[in-house]
Amino acid sequence: FTANMKVLLLFGLVAVALADIARFEGDQLLRLKPALDDHVMLIKELANSIQVDFWRPESPELVKVNSEVDIRVPAMYIDMVYTILQQNDMEHEVLIVNLQTAVDAQNDNKPSPRTHSYTKYNSWDKIQSWIASISSSNPGLISKQVIGSTYEGRPMTLLKLGKMSSSTKPAIFMDCGIHAREWISPAFCQWFVMEALSTYGTDAQMTSLLDQMDVFVLPVFNIDGYDYTHKTNRMWRKTRSRNSGSSCIGTDPNRNWNAGWCTVGASSNPCSDTFCGQTPESEIEVKNVADFIRRNKSIIKSYITVHSYSQLLLFPYSYTYDLAADHSELLKVAEGASVALNSLHGTRYTIGPGAATIYLAAGGSDDWAYDLGVKYSYTFELRDTGRYGFLLPESQIKPTCEETMLAVKYIAAYVQSVS
Ligand code: ARG
Ligand code: ZN
């Protein structure tokens with residue numbers, strides 16, 4: 001090879017690598033404020049005619065009048081969308097003027113280490129080796145088990161935190177990363193594990209919790225999707241399973257549970273970001289977790305699932321406006337958890353049952369766990385409220401995880417006190 005040829009080859013490889021990764025140059029995150037039914041209809045029409053990425057709510061079917069609608073508009077449609085918004089007199093603001101700049105700015109925590117870091121968004125490869133090393137670091141306090149494989153064959157490793165005991169202990173189950181692009185969520189599960197191990201023996205509450213209970217932590221639920229957001233498309237939400245009869249990929253793993261499945265707030269269209277799947281538990285990841293919780297339902301007292309963004313602490317139901325039988329108790333615990341969370345950095349959370357607080361959406365893991373008999377079932381939607389949305393800068397990982405620890409510990413202490 002001549003030097004020139006080497007340079008050419010190198011550029012070729014870099015070009016191929018770049019071409020593989022979705023870019024969001026000139027895309028904008030807009031917040032629309034539909035004040036009329038006509039505005040809602042217009043948003044749905046827009047979603048049908050051009051490719052719009054719904055961030056909040058997650059699909060056009062969920063849009064309600066007098067709510068805030070955060071959508072990513074691809075660069076090529078920006079002018080057209082502005083014209084339509086102006087013509088129809090719909091209030092709106094620009095949250096992010098250039099998505100690619102925000103994607104690049106997420107990693108603002110320097111220096112960038114080649115190893116795992118609790119204040120960075122780690123790739124699946126790094127999380128996987130972290131799972132291996134952390135679980136062998138403290139054999140008396142942590143163990144791991146594989147509960148199955150993902151669609152693409154990655155092992156779903158569940159961590160169990162808790163002091164070894166000869167008697168069966170009540171437990172809490174927590175998962176992160178059901179949705180691929182909600183990167184702050186897996187970051188929280190990793191933080192929780194680290195914090196639990198490092199404060200056991202010094203923090204009275206953590207010590208008592210792990211002495212008396214076990215906490216199962218699934219650091220990344222939708223591993224295939226998470227890996228895809230790192231390697232190919234940052235904005236991916238669903239699983240990566242193929243759909244027969246459609247070229248669209250993936251199912252929404254939080255619409256695939258057997259809880260009012262696909263009746264409201266979910267789509268039967270495989271191309272939708274809220275596709276409910278072919279059948280309940282059609283997604284192997286959902287089936288694996290559901291099987292584990294069913295097998296252990298006599299000991300699991302609480303189910304906690306971590307999403308982003310919106311700063312919400314939700315509890316059942318989301319598939320109906322009916323109040324849960326334990327509504328007042330669930331509300332009281334959520335209230336205490338949000339007060340604890342707020343005490344650290346002043347972050348404000350909205351609490352309530354999913355349906356009334358955000359929207360009707362069936363097939364969620366929280367409702368499923370609750371109806372199975374896991375009473376203390378909660379969904380967190382972590383920071384922020386839309387300034388960065390899914391592209392929360394890494395500099396916010398630490399404060400977000402610290403405050404969320406207080407809320408999770410509050411729920412855990414309550415569950416412990418009644419178990
Ligand atoms: N943003 C979450 C989602 O749409 C909220 C989940 C609330 N729970 C529910 N069962 N829908 O998946
Ligand atoms: Zn989510």
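This report describes a buried helix, a ligand shell, a helix pair and a nonpolar core in a predicted model.

## Basis of the model

Residues are numbered from 1 along each chain as its sequence is written, while chains are lettered from A and ligands numbered from 1 in the order in which they are written. Because the model is predicted, local features need pLDDT of at least 70 and side-chain atom pairs count only at pLDDT 80 or more, whereas totals for chains, interfaces and linings use all residues.

## Helix H12 and ligand 1

Helices (DSSP runs of H or I, at least four residues) and strands (runs of E, at least two) are numbered from the N terminus. Helix H12, residues 365-372, is largely enclosed by the rest of the structure, because six of its eight residues are buried (20 or more other C-beta atoms within 10 Å of the residue's own, with exposed meaning 12 or fewer, partly exposed in between, and C-beta atoms placed from the backbone). These buried residues are Ser365, Asp366, Asp367, Trp368, Ala369 and Tyr370, and they pack against helix H9 (284-295) and the strands S9 (300-308), S10 (312-315) and S12 (376-382). After H12 comes Gly373, with a positive phi near 120 degrees.

The shell around ligand 1 (residues whose C-beta atom, placed from the backbone, lies within 6 Å of it) includes Glu58, His307, Asp366, Asp367, Thr379 and Glu381. H12 and S12 each supply at least two residues of this shell.

## The pair H6 and H13

Helix H6 (residues 184-199) packs on helix H13 (residues 397-418) at an angle of about 65 degrees, with the axes 9 Å apart; axes are lines fitted to C-alpha atoms, for helices over the stretch in contact, and angles run from 0 to 180 degrees between N-to-C directions. Among the residues that make the contact (C-beta atoms, placed from the backbone, within 7 Å) are Phe188, Trp191 and Glu195 of H6 and Thr400, Met405 and Val408 of H13.

## The nonpolar core and Ala340

The largest nonpolar core (buried Ala, Val, Leu, Ile, Met, Phe, Trp, Tyr and Cys residues joined through C-beta atoms within 7 Å) has 112 residues, and those with the most contacts inside it are Phe188, Val217, Leu313 and Ile411. H13 gives the largest share of this core, nine residues. Leaving aside neighbours within four places in sequence, the contacts of Leu313 include Ala334, Tyr349, Phe380 and Ala407.

Ala340 lies in helix H10 (residues 327-345) and counts as partly exposed because it has 19 C-beta neighbours inside 10 Å. Although Ala340 and Leu406 are 66 residues apart in sequence, their C-alpha atoms are 5.7 Å apart in space.

Definitions and conventions:
Contact = placed C-beta atoms within 7 Å.
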